[in-house]
Amino acid sequence: MLRIGVEERRTRLGRRHRLLSSCHAADPVEAATAMVALHATDPATVHLSVAARVPGSDVLGTERALYDDRTLIRMLGMRRTVFVVPTPFAPIIQAACTDDIAVKQRKLLVKHLTESGVGPDADASGKWLRAVEESAATALTLRGSATAQELSADEPRLRTRLNMSVGKAYAAQPYVTSRVLFQLSAEGRIVRGRPLGTWLSGQHHWSPAEDWLPGGLGDKPAAEEARVTLARAWLSTFGPGTAADLQWWSGWTAGQTKKALTAVEAVAVDLDGQVGYVLPGDEAPEVPVEPWVAFLPTLDPTPMGWKDRDWYLGEHKAKLFDTTGNIGPTIWTDGRIVGGWGQPESGEVRFQLLEDVGRETTQLIEAEAARWTTWLSGVRVTPRFRAPLEKELSRG
């Protein structure tokens, strides 16, 4: 097998992830397309991931693509995670990942409803859920756009409480509202629209998919065909990578992953003792790139693209990841992570290097920190998932 070393992988990362000044994306849609999808669990991540790849971009430009032009759409996707994706690619992700998630989540919600006494058995709970879903969907259609609170006023059964973890110290009784809206969203029936507050807000207005986009999410391919298309997109952006990397990123089974790699005729390569894959014709080395640095936000798609991260993370995991596997804000140079950043209450961007990168690179990093301070213009972004180093830099 052809060997592809760490330096080649880092070169590919810089160019294909649009982090080089010579390879930056032209707009938010091009940035999202280059990365397959942008993480959106933390609402600020989308805007910061775009700003890292699109010179001169601002929040208004990304919001325009999301809410006015609707060339980007926020949806549930891989690993039951919310992403922002180019609108034409939404049916692929829906068929390749989200439809399976919707089936599993419906079974789980019916189980929780039954355990909470909503119906004597799963059949009754399932019928209750369908009735509430249809009522909520009708209310949303009549309103055109609504918040979860408004829909709960229209359909009082959305205020039904679940009894979760009974007898445990962490027992809770949440309303079923968010679970029902999640289910309707996972099935492609409703879409998250504008946030209730600023671009940092995690709460959104909801709209019927048919109203948000002509024809809704569009025609879906068969699930197997969609998985092949998604595997090809992942290899184009993140290849070379292992089957385990793709399986983790996509949330597929091992069998689904193997079948998709076979269908794209992925070429096996040697990743320093591991078997990795690239697309046919993508074995040749990249043209060398200029030195570069980048500040990436929490859960940026670059560090979250592979399960095995040693080749770009080094020994910095303890400082940069929280306890559940979410990466915090990171500093990159030439395809590897060398530090992290955060913001105290004053709003400026502070950083800490975790290894010696030399005077010239340090100067580039200092300049990039100043650029981000200007871009944020006093807005303080507190990540939803907080890594140790980010917490440390945010104090004071």
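Into which domains is the protein chain divided? There is domain 1, covering 101–190 + 206–212, and domain 2, covering 314–394. Their centres, taken over C-alpha atoms, are separated by 38 Å. The model is predicted.

**Ala172 and Glu315**

Ala172 sits in the loop between helix H7 (148–154) and helix H8 (177–186). Its relative accessibility is 35%, and Ala172 counts as partly exposed. Beyond its neighbours within four places in sequence, Ala172 is in contact with Leu162, Asn163 and Met164. Glu315 is 143 residues apart from Ala172 along the chain. The C-alpha atoms of Ala172 and Glu315 are separated by 38 Å.

**An open sheet of three strands**

In what order do the three strands of the open sheet run? The order is E1-E3-E2, and the pairing is antiparallel. Strand E1 (38–39) and strand E2 (72–76) stand at the edges. Each has a single partner strand, so one side of each is left without a neighbour in the sheet. E2 and strand E3 (residues 82–86) are joined by five bridges. One pairing can be named: Leu76 has Val82, in E3, as its bridge partner.

**Helix H15 and its two sides**

Helix H15 spans residues 359–376, 18 residues in all. From first C-alpha to last, H15 reaches 26 Å. That is close to the 26 Å expected at 1.5 Å a residue.

Which residues of H15 are buried? They are Thr361, Thr362, Ile365, Glu368, Ala369, Trp372 and Leu376. Seen down the axis of H15, these buried residues fall within an arc of 120°, so they line one face of the helix. The general geometry helps here. An α-helix has 3.6 residues a turn, so residues three or four places apart point the same way.

What does the buried face pack against? The buried residues of H15 pack against helix H3 (43–53) and four strands: E8 (293–296), E9 (330–333), E10 (336–342) and E11 (350–353). On the other side of H15, Arg359, Glu360 and Thr374 are exposed.

**Helix H1**

Helix H1 (residues 6–16) is mostly covered. Eight of its eleven residues are buried. The buried residues of H1 include four arginines by name: Arg9, Arg10, Arg12 and Arg16. Glu8, Thr11, Leu13 and Gly14 are buried as well.

**Ser250 and its contacts**

Ser250 belongs to helix H11 (residues 243–250). Is Ser250 buried or exposed? Ser250 is buried, with a relative accessible area of 2%. Its side chain has polar partners in the backbone. A polar atom of the Ser250 side chain lies 2.7 Å from the backbone oxygen of Leu246. The Ser250 side chain also reaches the backbone nitrogen of Trp252, at 3.2 Å. Contacts reach further along the chain too. Leaving aside neighbours within four places in sequence, Ser250 touches Met78, Arg79 and Cys97.

**Backbone features**

Where is the cis peptide bond that has omega of about 5°? This bond joins Gly239 and Pro240. Pro240 lies in the loop between helix H10 (223–238) and H11.

Positive phi values are listed below.

| Residue | Phi | Place |
|---|---|---|
| Arg18 | about 60° | just after H1 |
| Leu299 | near 60° | loop between E8 and helix H13 (310–313) |
| Asp334 | about 50° | loop between E9 and E10 |
| Ser377 | about 50° | just after H15 |

Two of these entries deserve a closer look. Leu299 has its positive phi in a residue other than glycine. Leu299 is buried, with a relative accessible area of 4%. Asp334 is not a glycine either, yet its phi is positive. Asp334 is partly exposed, at a relative accessible area of 34%.

The loop positions tie back to H15. Leu299 lies in a loop that begins after E8, and Asp334 lies between E9 and E10. E8, E9 and E10 are among the elements that the buried residues of H15 pack against. Ser377 comes just after H15.

Conventions:
Residues are numbered from 1 along each chain as its sequence is written. This is a predicted model: local features need pLDDT of at least 70, side-chain atom pairs count only at pLDDT 80 or more; totals for chains, interfaces and linings use all residues. Side-chain values use heavy atoms; hydrogens and water are left out. Domain bounds come from an automatic or database domain assignment. Two strands pair if DSSP finds at least two bridges between them. The expected span of a helix is 1.5 Å times one less than its number of residues. Buried means under 20% relative accessible area, exposed over 50%, partly exposed in between (1.4 Å probe, protein chains only). The arc is that of the directions from the helix axis to the C-beta atoms. Contact means heavy atoms within 4.5 Å. A polar contact is a pair of N or O atoms within 3.5 Å; within protein, one must be able to donate a hydrogen and the other to accept it, and residues adjacent in sequence count only if both atoms are side-chain atoms.
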